[in-house]
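Colleague: I'm new to this one. Can you walk me through it?
Modeller: Sure, here it is.

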Amino acid sequence: MKSSDYGYFLLSIIFIAIAVYNIIVLYVCSYIVGVVFGLTGLIYNCSVFLLWLIMGGILTKLLN
């Protein structure tokens, strides 16, 4: 193995490592964003549901 071959080998390993690192970072970031937005969506849906329940309770009280 010549020194130039070794350099190319090292470069290819570095490029592969960077690619894998980028994929992992992208995956983790998208996962975190998905979890955060999923949680906010869940909280939003729960609050809307609670509002509907409160409104329904008020309406039934008014009607009865």
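Modeller: One definition to start: helices (H or I, at least four residues) and strands (E, at least two) are DSSP runs, numbered from the N terminus. This is a predicted model, where local features need pLDDT of at least 70, side-chain atom pairs count only at pLDDT 80 or more, and totals for chains, interfaces and linings use all residues. Residues are numbered from 1 along each chain as its sequence is written, and side-chain values use heavy atoms, with hydrogens and water left out.

Colleague: OK. How many helices and strands does the chain have?
Modeller: One helix and zero strands. Helix H1 covers residues 3-63.

Colleague: Is the chain spread out or compact?
Modeller: Spread out, more so than a compact globule, because its radius of gyration is 27 Å, well over the 11 Å that the globule rule gives for 64 residues. That radius is taken over C-alpha atoms, and the rule is 2.2 Å times the number of residues to the power 0.38.

Colleague: What box do the C-alpha atoms fill?
Modeller: Roughly 90 × 10 × 5 Å, along the principal axes.

Colleague: What share of the residues is buried?
Modeller: Buried residues make up 0% of the 64. Buried means under 20% relative accessible area, exposed over 50%, partly exposed in between (1.4 Å probe, protein chains only).

Colleague: Pick some leucines. Is Leu 53 buried or exposed?
Modeller: Leu 53 counts as exposed, because its relative accessibility is 51%. Leu 10, also in helix H1, is at 40%, so it counts as partly exposed.

Colleague: How far apart are Leu 53 and Tyr 21?
Modeller: 47 Å, C-alpha to C-alpha, with their positions 32 residues apart in sequence. Leu 10 and Ser 30 are 20 residues apart in sequence and 30 Å apart in space, again C-alpha to C-alpha.

Colleague: New topic. How many disulfides are there?
Modeller: Zero in the whole structure. A disulfide is a pair of cysteine sulfur atoms within 2.5 Å.

Colleague: And why does Cys 29 count as partly exposed?
Modeller: Because its relative accessibility is 42%. Cys 46 is at 44%, so it counts as partly exposed too.
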